[in-house]
Amino acid sequence: MPDGGQWDSALFQGTAAYYERGRLPYAPGFAGTLATAIGLDGRGRILDVGCGPGTALLALARYVTEAVGIDPDADMVAEAERQAERRGVTNARWAAVCAEDLPAGLGEFRAVVFAKSFHWTDRERVAATVREMLEPGGAFVHISDLDVPPDAPTPLPWPAPPYDRIGELVRRYLGPVRRAGRGVLVNGTPDREDLVLARTGFVNCERHVVPAGGVADRTTDDMVAWVFSRSNCAPHLFGDRLPDFERDLREVLRQAAPENRFAERLPATGIMIWRKPER
């Protein structure tokens with residue numbers, strides 16, 4: 001768990017199968033923007049820590065000689081391997097490794113990426129280890145979704161997903177405090193990555209925002225997959241009440257969109273880059 005705790009193997013238990021369908025994609029072009037920003041030119045190696053099913057790394061693999069993805073969840077690693085094979089990505093390799101177990105004999109990298117994963121790690125410890133794994137001038141990269149409203153929003157073609165009602169339903173089943181694996185997150189997950197990285201010797205922070213544009217067309221099944229892809233409502237948390245929860249979830253979605261179609265604007269992608277000093 002974050003900042004000093006131990007990894008909880010139940011955190012994303014059972015969620016890997018739902019990622020590809022449930023999660024919204026990063027903004028088109030995010031990989032090219034990142035590659036240009038940190039000077040990836042087809043050579044060198046890149047590491048994705050907490051790679052999940054390979055969402056970010058598979059898009060970045062074309063810009064390096066070797067792409068390495070690690071995740072503590074073996075199901076995530078297996079899903080990443082399947083996705084790589086499906087997409088014909090042959091220069092990626094994967095390992096079930098916890099961030100706190102780095103360097104794990106993985107060698108040196110031009111860049112180490114955390115795509116919505118750094119907050120789940122013992123950040124000070126992991127950042128210090130990553131700094132030693134980077135070549136001089138190498139990049140520590142943090143990728144996240146950004147809620148950037150469009151300048152002139154147009155009406156959505158279908159109802160927006162009823163996120164508030166979904167949240168209410170999850171709390172009715174799992175309680176008012178956010179669940180996380182075998183425990184709870186009373187205060188949520190930590191932020192201010194900039195302070196952590198400054199303390200561990202990274203410099204020259206730069207920020208890039210990659211607009212997504214466009215609208216995602218989602219079905220009820222897509223929204224159910226989104227729910228079950230999340231740590232706070234992973235399937236195992238519901239125990240023998242899982243069928244009841246899914247029935248009630250589908251009813252909430254049916255009431256919000258009787259035609260079984262939702263729409264939502266795709267989020268922009270935020271990229272933060274810090275550098276290891278050249279010497």
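Q: In this predicted model, where a salt bridge is a side-chain nitrogen of Lys or Arg within 4 Å of a carboxyl oxygen of Asp or Glu, how many salt bridges does the count come to?
A: Side chains of opposite charge can pair when their charged atoms come close. One of the pairs is Arg247 with Asp248, whose closest N and O atoms are 3.1 Å apart. By the 4 Å rule, the count comes to 20 salt bridges.

Q: Which residue of strand S1 meets Glu66 in a salt bridge, and is that residue buried or exposed?
A: The side chain of Glu66, in strand S2, meets that of Arg45, in strand S1, with 2.8 Å from N to O. The pair links distant parts of the chain, 21 residues apart. Because buried means under 20% relative accessible area, and the value for Arg45 is 19%, Arg45 counts as buried.

Q: Which residue of strand S3 forms a salt bridge with Glu66?
A: Glu66 lies in strand S2, and its partner in strand S3 is 27 residues apart from it in the chain. This partner is partly exposed, with a relative accessible area of 37%, and the closest N and O atoms of the pair are 3.0 Å apart. The residue is Arg93.

Q: In which sense do strands S2 and S3 pair, and what is the handedness of the β-α-β crossover from S2 to S3?
A: Strand S2 (residues 66–70) pairs with S3 over four bridges in the parallel sense, and Val68 has Arg93 as its bridge partner in S3. Between the two strands the chain passes through helix H4 (residues 74–87), and this crossover is right-handed.

Key. Residues numbered from 1 in each chain as written. Predicted model: local features only at pLDDT ≥ 70, side-chain atom pairs only at ≥ 80, totals over all residues. Heavy atoms only, no water. Pairing = 2+ DSSP bridges. Right-handed = clockwise from strand over helix to strand, strands pointing away. Buried < 20%, exposed > 50% of the residue type's maximum accessible area, 1.4 Å probe, protein only.
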